[in-house]
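Grab a pencil and work through these exercises with the model open beside you. Each one has a task and then a solution in steps.

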Amino acid sequence: MPVRDTIFALSSGALPSGVAVIRISGPATRNVLERVAGSAPKARYARLTEIRDSGGAILDQGLVLYFPGPASFTGEDCAELHLHGGRAVVAAVLNLLGSLRSLRQAEAGEFTKRAFLNGKVDLTGAEALSDLIGAETEAQRRFALSNGSGAHRRLYMDWRQRLIRARAMIEAELDFADEADVPGSVGDTVWGDIHLLRGELAEHKATYRTAEIIRKGLVVVILGAPNAGKSSLLNALARREVAIVTEEPGTTRDILEVSLDLHGMKVILADTAGIREASGRIEAIGIERTFERARDADLLLLLEDITSPAEFGGIPDKLALRVGNKMDLAGTWDEKRYDCVISAKTGDGLDGLVGLLRSVSTGYHSQAGETLPFRARHVVLLQEAIEALDEAIAGEAAGLELRAEHLRLAGDALGRIFGEIGTEDLLDTIFSTFCIGK
């Protein structure tokens, strides 16, 4: 492993704050501590000390911790300066560190990238760490922790080892066909398992949509005619004035969205333009966007004014709940027509609607602890592996050498998911999405 620069960055987030943490990692870490704090403290013990500039002036008094490599987050010598979280204090210490020749400001994700390069974490673990930092709900937190547990590496490693064993048997047959302990045909022992493995990969790949919903949120789009009460429902569920509500039809021209935490599950609720024969170009564009958003939705709320129900076409074939609104203005209604009936104005029936939304989201929340592919690049590489296995399975006429090569390509695709095989460009792309200091 080549010697790298020593890097530093503020790792604790926005200022001002009660405490600010500056992280340092690299071969010059100990020398830096001796320079700014007098000496390095005992490994993994916090020491209260003064941080001084090049002229000996005190910049702050705080805790200093030292983590010699390889027993550190990055695998290198690391240190943390726990300072008072004022902007002037942090700026002064960062300027001091930046003035030292042996240091430079860390790039986005560089600490985690070094942890990966030093074998402290695999790629799926690094991606899960990024998700954990960005988690907004309980389901997202659980999912990120589960993904960072090493379960993905073990799963993909097991699949890859099965491919390696299959290739070994094929190559043994090719090279040592005359030996008594080498089977004369690998058909029953190898290709049966390859068929099973192909099915396991396809089944795993198909769960990506569930993972995407847990990570990014369940997208719920409200559809209805003008004045059905879509904006009022959005405001009622958000418990604040998100959308403008008037009696004038066609008020909503663009899509308004709000994120809700529904019992630990992120739900993205979208208010859309009322569906009707548009009276102008701007409204027509809004209705077109309504249908575009509906096609990408996970759940549709088909909202009707029960005092004057209006039918409309073009609804995508999606999971949908039919909701009747304005129960406060209607004496009776067709119970069989709706999954629930509400008044967005008075709040009557909203608990029932929230219960229905929760029942849909609970199915995803319950899967937050499972091992699912949780990045688009995982899906791409899984598809590469599946296609390579398809080539191997269908290539009986091509010969064992070519079929074994397809197995190798499938194994390489799986290896790239958790970082066993990779390129610098891939790593740069992944870690550039991290925040500075992580």
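**Exercise 1.** Find the strand that gives the most residues to the lining of the largest cavity.

*Solution.* Start with strand β10 (residues 299–305), which gives the most to that lining, with 3 residues. (Strands, E and at least two residues, and helices, H or I and at least four, are DSSP runs numbered from the N terminus.) Next, go through the full lining: L302, L303, E304, A310, E311, F312, I315 and R322. Now sort these residues by class: 5 are nonpolar, none polar and 3 charged. (Ala, Val, Leu, Ile, Met, Phe, Trp, Tyr, Cys and Pro count as nonpolar, Asp, Glu, Lys and Arg as charged, and the others, Gly among them, as polar.)

A quick word on the ground rules. This is a predicted model, where local features need pLDDT of at least 70 and side-chain atom pairs count only at pLDDT 80 or more, while totals for chains, interfaces and linings use all residues. Residues are numbered from 1 along each chain as its sequence is written, and side-chain values use heavy atoms, with hydrogens and water left out.

**Exercise 2.** Check the length of helix α11 (residues 350–365), then list its buried residues (under 20% relative accessible area, 1.4 Å probe, protein chains only).

*Solution.* Take the 16 residues of α11 at 1.5 Å a residue, and you should expect a span of 22 Å. (The expected span is 1.5 Å times one less than the number of residues.) Then compare: the end C-alpha atoms of α11 are 21 Å apart, which agrees. Finally, the buried residues of α11 are L350, L353, L357, V360, S361 and H365. An α-helix has 3.6 residues a turn, so residues three or four places apart point the same way.

**Exercise 3.** Work out the order of the strands in the open sheet of 6 strands, and pick out its edges.

*Solution.* Read the order as β3-β4-β5-β2-β1-β6, with mixed pairing. (Two strands pair if DSSP finds at least two bridges between them.) The edge strands are β3 (47–52) and β6 (103–105), since each pairs on one side only. Now zoom in on β2 (residues 17–25) and β5 (residues 78–85): these two pair in the antiparallel sense over 8 bridges. For one bridge to look up, try I24, whose partner in β5 is A79.

Methods
1 Å grid on protein atoms, 1.4 Å probe; cavity = no way out; pocket = protein on both sides within 12 Å on 5 of 7 lines; lining within 4 Å. Buried < 20%, exposed > 50% of the residue type's maximum accessible area, 1.4 Å probe, protein only.
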